[in-house]
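Morning, everyone. I have one structure to walk through today, and I'll keep it brief. Please have a look at the sequence and the fold first.

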Amino acid sequence: MKKLINDPQTVVAESLEGFGAAHPDVVTIHSDPWFVARAGGATANKVGVVSGGGSGHEPLHGGFVGVGMLDAAVPGAMFTSPTPDQIAPAIQAADSGAGVLAIVKNYTGDVLNFETAAELADAEGVTVRTVVVNDDVAVEDSLYTAGRRGVAGTVAVEKIAGAAAERGDDLDAVAAVAEKVIANVRSMGVALTACTVPHAGKPSFDLPDDEIEIGIGIHGEPGRRRIPLAGADEITEMLLTPVADDLNLTSGEKVLLFVNGMGGTPASELYVVYRRARALLEERGVEVTRSLVGNYVTSLEMQGASVTVLRLDDELTALWDAPVHTTALRW
């Protein structure tokens, strides 16, 4: 294992220290317990938006803390859910009296720990609503979930819910728009290689050089099937088609197309995937009106990509376009 770390047990803390030192204008790092908050604290009378999950998926979630997106993010250990005693203080830090929306990816540990943290926050007088992201069409159940996993579609949920909170929507309205995104976003990914979790010291699964895993999860969970390595266009079709079919996309609809890298795939290859995915949507008569390409929900150094499609209407488009200023997403 070759990694730029000192000790597998301190890599998350040291990474957070560096992250906070590099971006003090955007984030504040709290260390006891660890969480990332928006610099300057909660905005008065604004709904707070909080998310979190295991580390190793950067920039998710800390990279999306800032104006127009998250108010706080809670990082667990590598590929491990944060604990309730981490999450509850982050919820309290994000609260300015208007309540807090918790955006949770559908992994059993995340769901249970955020539920417990919400109960702790409620006991302190904070009103918390929770939405669960389950955009992965690859499998219904995995090693980590009951039901579909939450993957790259989480970025769209956080961006759009964050924009709704920023414009002054109340808690019920922010939760409703988050649920609207969840109902209209789907994803599917592929792994070309496995990643190595620092404390494990070896690849998380075995994948021969001439094979790929279709439908992989962001923790290296198995997908739909393992197949011989194919060309990018063929692989992209295997990802895009189930996504578009699950959304029941029809001619004339408008979408956001998001091609996400798993951490080890160069931008040039992600744009090859985007090229084919967009062409496939256009063949269906679907108009791609918004795009995002890059490494936003990673799996350490895994080589691979995912394709996410979000069905858009005027409201979701306006919220996607609304100003955002985080370390990983800004316009």
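I'll go through the domains, then the pocket, then the cavity.

One thing up front: this is a predicted model.

Start with the domains. The protein is divided in two: domain 1 covers 10-183, and domain 2 covers 185-321. Their centres, taken over C-alpha atoms, are 23 Å apart. Each side puts 37 residues into the contact: 37 from domain 1 and 37 from domain 2.

How much area do domain 1 and domain 2 bury between them? About 3100 Å². Carbon and sulfur atoms account for 65% of that area. There are charged pairings too. Between domain 1 and domain 2 the count is 4 salt bridges. Separately, here is a salt bridge to find on the screen: the side chains of Arg148 and Asp246, at 2.8 Å, N to O.

Now the largest pocket. Where does it lie? Between the two domains, because domain 1 (10-183) and domain 2 (185-321) both give residues to its lining. The space inside is about 530 Å³.

The lining of this pocket runs to 28 residues. If you want to centre a view or a box, the residues nearest the pocket centre are Ser15, Ser55, Gly56, Glu58 and Met78.

Which elements supply at least two residues each to that lining? Helix H1 (11-22), strand S3 (48-55) and strand S4 (72-78). H1 gives the most, with 5 residues.

As for the chemistry of the pocket lining, 15 residues are nonpolar, 10 are polar and 3 are charged.

Next, the enclosed space. With the threshold at 30 Å³ or more, the count is 1 cavity. That largest cavity holds about 50 Å³ of space.

Who lines the cavity? Going along the sequence, we have Asp136 and Val151, then Ser187, Met188 and Gly189. After those come Ile216, Gly217 and Ile218, and finally Met262 and Ser306.

Strand S7, residues 185-191, provides the largest share of the cavity lining, with 3 residues. By class, the cavity lining splits into 5 nonpolar, 4 polar and 1 charged.

To recap. Two domains, burying about 3100 Å² between them. A pocket of about 530 Å³, lying between those domains since both give residues to its lining. And a cavity of about 50 Å³, with S7 giving the largest share of its lining.

That's my part done. Over to you for discussion.

Methods: Residues are numbered from 1 along each chain as its sequence is written. This is a predicted model: local features need pLDDT of at least 70, side-chain atom pairs count only at pLDDT 80 or more; totals for chains, interfaces and linings use all residues. Side-chain values use heavy atoms; hydrogens and water are left out. On a 1 Å grid over the protein atoms alone, a cavity is a set of points where a 1.4 Å probe fits but cannot get out, and a pocket is an open set with protein on both sides within 12 Å along at least five of seven lines; lining residues have an atom within 4 Å of a point. Grid points are joined across faces, edges and corners, and a volume is the space filled by probe spheres set on the points. Helices (H or I, at least four residues) and strands (E, at least two) are DSSP runs, numbered from the N terminus. Ala, Val, Leu, Ile, Met, Phe, Trp, Tyr, Cys and Pro count as nonpolar, Asp, Glu, Lys and Arg as charged, and the others, Gly among them, as polar. Domain bounds come from an automatic or database domain assignment. Contact means heavy atoms within 4.5 Å. Buried area is the accessible area (1.4 Å probe) that two parts lose on being put together, summed over both.
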